Amino acid sequence: MLATTTPIRDAWRTLSVVSLASVLTGLSGSAINVALPEIARHTGAGATAASWILLGYQLTTTVLMVVFGRLADMFGRRRMYLLGLATYTLAALLAGLAPDAWVIVAMRVLQAVGGAMLLTNSAALISDAFPRERLGEAMGVYVASFSIAGLIGPTLGGVLAESLGWRWVFWFNVPVGLLCLLWGVLVLPRPPRAERDSGLDGPGNVLVLATLGGLLLALSEFTRLGWDHPVVLGGLAAFAAGLPLFLLRESRAAHPVVDLSLFRERAFAFGTLASFLNAVARMGMVFLIALYFQAVRGDDPVQAGLKVLPLAIAAMIGSVSSGFLQRLASARTLAVAGAATTTCGLVVMLCVMSADMPYPAVAAGLVLIGLGSGAFLPSNTTAILDGLPSNRLGIVNAMRLMLQNTGNVVGTGLVLSILTAPLPAELHQSVFAGTLAQLSGGAVEQLVTGYRWALGSMAAVSVLTVLSCLARRRAT
């Protein structure tokens with residue numbers, strides 16, 4: 001493999017490109033989350049257009065990951081990664097020039113195409129570049145780059161939108177993207193052509209787009225539209241009809257999009273299951289707690305944002321530390337420990353949840369969740385990718401990311417539905433606007449009950465994550 005011949009200095013250069021691009025994409029996403037009201041006001045965006053500025057990126061990235069993972073194995077990860085950087089940067093420039101909200105949605109979809117190329121190939125490039133004994137450190141730094149973006153992005157988005165205007169929320173990507181593209185051209189290694197895979201399953205690609213896209217669309221929109229809306233029903237119908245056709249096609253294809261034989265290996269199957277369950281369990285935690293302080297305690301957005309910072313800081317520490325800890329323990333052992341720590345944090349949050357819970361207890365729960373998630377993600381990724389041949393890294397990493405992002409969507413939809421279940425429908429808008437604290441105390445107590453249900457569900461899923469990690473260790 002390439003990792004055995006690449007000097008360690010070149011490996012760290014590859015990591016610097018991947019980490020810089022990861023900070024770029026993470027900053028962009030979190031900055032847009034904060035600046036979205038400003039974008040909507042200045043472009044006249046309605047609720048549907050505003051939501052699709054976020055949703056269009058999320059759905060497009062997830063459904064294209066497996067496709068680009070296969071293409072990267074065929075045509076080379078370096079080429080795919082640089083094309084992704086160029087596409088992402090160009091789309092950011094055009095989004096800042098957009099005359100209305102729907103053009104922004106279109107440019108965000110184009111940006112998601114570039115983002116999918118980057119995400120699919122990031123961990124694979126690192127796995128190719130680093131020797132096994134240093135891979136854990138590299139994965140820790142890589143995952144920590146997203147935590148850095150999570151710390152800086154919200155503040156950056158607010159400052160840019162308020163001082164320079166909403167267009168700069170997109171335009172700040174351009175100089176950073178060009179710098180990253182130039183650095184990538186200079187330092188990313190060229191893999192031997194002999195190690196590349198060949199063959200493309202066109203019908204399988206179409207089926208995965210229709211099947212996964214339908215499921216994610218339904219899960220993303222049912223909270224806003226309801227289960228009986230035609231868009232939600234259509235998405236579920238596409239998934240139900242497409243899944244058996246997809247499985248049949250992939251079992252017979254000479255060059256399948258998703259190699260179903262991988263799931264016969266119990267270690268891989270349990271590892272990807274753990275990745276999915278962990279995403280379901282932890283997704284939306286920052287949003288949930290920030291919403292709690294606004295809807296229940298009456299804090300403003302800035303105060304609420306500051307109160308959830310311990311999670312991002314702890315996640316960054318956990319990510320960086322996990323790499324060095326892999327010198328003392330295996331990646332599989334650290335994945336178990338990380339999942340267990342996340343579970344403990346969710347249990348702490350569940351036990352102290354009330355309308356007046358003390359902030360030190362909240363901070364302790366957030367730190368445990370952050371440390372656990374920060375340690376789990378790089379360790380689990382290392383455990384899944386370690387030892388794979390170079391020409392399979394792209395598709396395997398894409399499958400991992402696809403399931404992880406699907407877990408993000410499932411977790412978000414699940415948590416939001418459970419959270420608002422105890423409340424009358426007419427109060428749901430007050431919850432998401434953060435104004436419920438201004439209403440009766442009874443409504444606040446109902447919301448706290450919803451929080452207990454949501455946290456209990458997340459803790460139960462997190463326990464399943466631990467069990468999946470333990471089953472993977474036994475299978476190995």
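The following questions and answers concern surface and internal features of a predicted model.

Q: Why is Leu93 called partly exposed?
A: The relative accessible area of Leu93 is 35%. Buried means under 20% and exposed means over 50%, with partly exposed in between; Leu93 is therefore partly exposed. Leu93 is placed in helix α3 (residues 77–96).

Q: What makes Leu93 eligible for a nonpolar patch on the surface?
A: A patch residue needs over 30% relative accessible area, and Leu93 has 35%, so Leu93 passes that cut-off. The patch is formed by Leu90, Leu93, Leu94 and Leu97, which together have about 340 Å² of accessible area.

Q: Why does the second largest cavity count among the cavities of 30 Å³ or more?
A: The second largest cavity holds about 40 Å³ of space. The search of the whole structure finds two cavities of 30 Å³ or more. Elements giving two or more residues to the lining of the second largest cavity are α1 (8–43) and α4 (101–129), and α1 gives the most, with four residues.

Q: How do you know which classes of residue line the second largest cavity?
A: Its lining includes Val18, Ser22 and Phe146. Val and Phe count as nonpolar, whereas Ser is neither in the nonpolar nor in the charged list and so counts as polar. The full lining divides into six nonpolar, three polar and no charged residues.

Q: What makes up the lining of the second largest pocket, by class?
A: The lining has 14 nonpolar, two polar and no charged residues. Leu212, Leu243, Phe246, Met402 and Leu403 lie nearest the centre of this pocket, and Leu, Phe and Met count as nonpolar. The pocket has a volume of about 380 Å³.

Technical notes: Residues are numbered from 1 along each chain as its sequence is written. This is a predicted model: local features need pLDDT of at least 70, side-chain atom pairs count only at pLDDT 80 or more; totals for chains, interfaces and linings use all residues. Side-chain values use heavy atoms; hydrogens and water are left out. Patches are made of residues with over 30% relative accessible area and no salt bridge: like charges are joined within 9 Å, nonpolar side chains (Val, Leu, Ile, Met, Phe, Trp, Tyr) within 5 Å. Accessible areas come from the Shrake-Rupley method with a 1.4 Å probe; for residues, only the protein chains shown count as cover. A salt bridge is a side-chain nitrogen of Lys or Arg within 4 Å of a carboxyl oxygen of Asp or Glu. Buried means under 20% relative accessible area, exposed over 50%, partly exposed in between (1.4 Å probe, protein chains only). On a 1 Å grid over the protein atoms alone, a cavity is a set of points where a 1.4 Å probe fits but cannot get out, and a pocket is an open set with protein on both sides within 12 Å along at least five of seven lines; lining residues have an atom within 4 Å of a point. Grid points are joined across faces, edges and corners, and a volume is the space filled by probe spheres set on the points.
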